[in-house]
Amino acid sequence: MYCIAKSVLEEVRRALTVPETSGILGIDNTGAVVKFHHDKTGRTIAHRYIPDVETLNRIIAQWHREGIKFVGFVHSHRAGLTELSACDIRYAEKIKRHCDMSEVLMLLYIPDGEDFYQFTV
């Protein structure tokens, strides 16, 4: 279980107001999630989120220079969908392999109820 800063949760609530939106998460040297970047230029097509990989990679590189490590994503679902989808899991597995990570944090957010669910893949 990751400790997530209250400020990060508040940023997520403000940014991800509809389902199938997302952003990346970063941890500091204590292992706490202290950074969130909303993927404003990602797209949603037919209930599917498509990230702006180029922009997100630039943010991850910037965080690296600041001592922040990319740890995963926050992703929003519609009410009642409190589990990761098969697509979410495949995406996390792809990121894990590409970035040589032992696990990827997937924070699921339900805007309707402002509920969070934490998973690692």
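**Reading a predicted fold**

Me: In this predicted model, what share of the contacts with a separation of 6 or more comes from residues 24 or more positions apart?

Reply: Such residue pairs account for 63% of the contacts in the chain with a separation of 6 or more. The model is a predicted one, and that should be kept in mind throughout.

Me: Which elements make up the chain, and in what order do they run from the N terminus?

Reply: One begins by counting the elements and then reads their order. Here there are three helices and seven strands. Starting at the N terminus, they run α-β-β-β-β-α-β-α-β-β. The radius of gyration is 13 Å, close to the 14 Å given by the globule rule for 121 residues, so the chain is as compact as a globular protein of that length. Along the principal axes, the C-alpha atoms fill a box of roughly 35 × 30 × 25 Å.

Me: How many of the 121 residues, as a percentage, count as buried, and what is the accessible surface of the chain?

Reply: A residue is called buried when its relative accessible area is under 20%. By that cut-off, 41% of the 121 residues are buried. The accessible surface comes to about 7100 Å², and carbon and sulfur atoms contribute 51% of this area. As for charge, the chain carries 15 positive and 16 negative side chains, and the centres of these two sets lie 4 Å apart.

Me: How should one read a single helix, and which residues of helix 1 are buried?

Reply: The general idea comes first. An α-helix has 3.6 residues a turn, so residues three or four places apart point the same way. In helix 1, which spans residues 6-15, the buried residues are Val8, Leu9 and Val12. Viewed down the axis of helix 1, these buried residues fall within an arc of 100°, so they line one face of the helix. The face turned away from the buried side of helix 1 carries the exposed residues Lys6 and Arg14.

Me: Which strands do the buried residues of helix 1 pack against?

Reply: They pack against strand 1 (22-27), strand 2 (33-38), strand 5 (69-76), strand 6 (105-110) and strand 7 (115-120).

Me: Which backbone angle draws attention to Glu20, and is that residue buried or exposed?

Reply: One looks at the sign of phi and at the residue type. Glu20 is not a glycine, yet its phi is positive, at about 65°. Glu20 sits in the loop between helix 1 and strand 1, and at 13% relative accessibility Glu20 counts as buried. Asp100, also not a glycine, has a positive phi of about 55°. Asp100 lies in the loop between helix 3 (86-98) and strand 6, and Asp100 is exposed, with a relative accessible area of 72%.

Me: Where is Tyr49 found, and what is it in contact with beyond its neighbours within four places in sequence?

Reply: Tyr49 belongs to strand 4, residues 49-50, and is buried at 12% relative accessibility. Leaving aside neighbours within four places, Tyr49 is in contact with Glu20, Thr21, Ser22, Asp39, Gly42, Arg43, Leu56 and His75.

Me: How far apart are the C-alpha atoms of Arg43 and Ser22?

Reply: Separation along the chain and separation in space are read as two values. Arg43 and Ser22 are 21 residues apart along the chain, and their C-alpha atoms are separated by 9.5 Å. For Tyr49 and Ile27, 22 residues apart, the C-alpha separation is 23 Å. Arg43 itself is found in strand 3, residues 43-44, and counts as partly exposed at 49% relative accessibility. Not counting residues up to four places away, Arg43 touches Arg48, Tyr49 and Ile50.

Key
Residues numbered from 1 in each chain as written. Predicted model: local features only at pLDDT ≥ 70, side-chain atom pairs only at ≥ 80, totals over all residues. Heavy atoms only, no water. Buried < 20%, exposed > 50% of the residue type's maximum accessible area, 1.4 Å probe, protein only. Helix = DSSP H or I, 4+ residues; strand = E, 2+ residues; numbered from the N terminus. Arc of directions from axis to C-beta. Contact = heavy atoms within 4.5 Å. Rg over C-alpha atoms; globule rule 2.2 N^0.38 Å. Areas by Shrake-Rupley, 256 points an atom, 1.4 Å probe, with all protein chains shown as cover. Lys, Arg positive; Asp, Glu negative; His and termini not counted. Charge placed at Lys NZ, Arg CZ, Asp CG, Glu CD.
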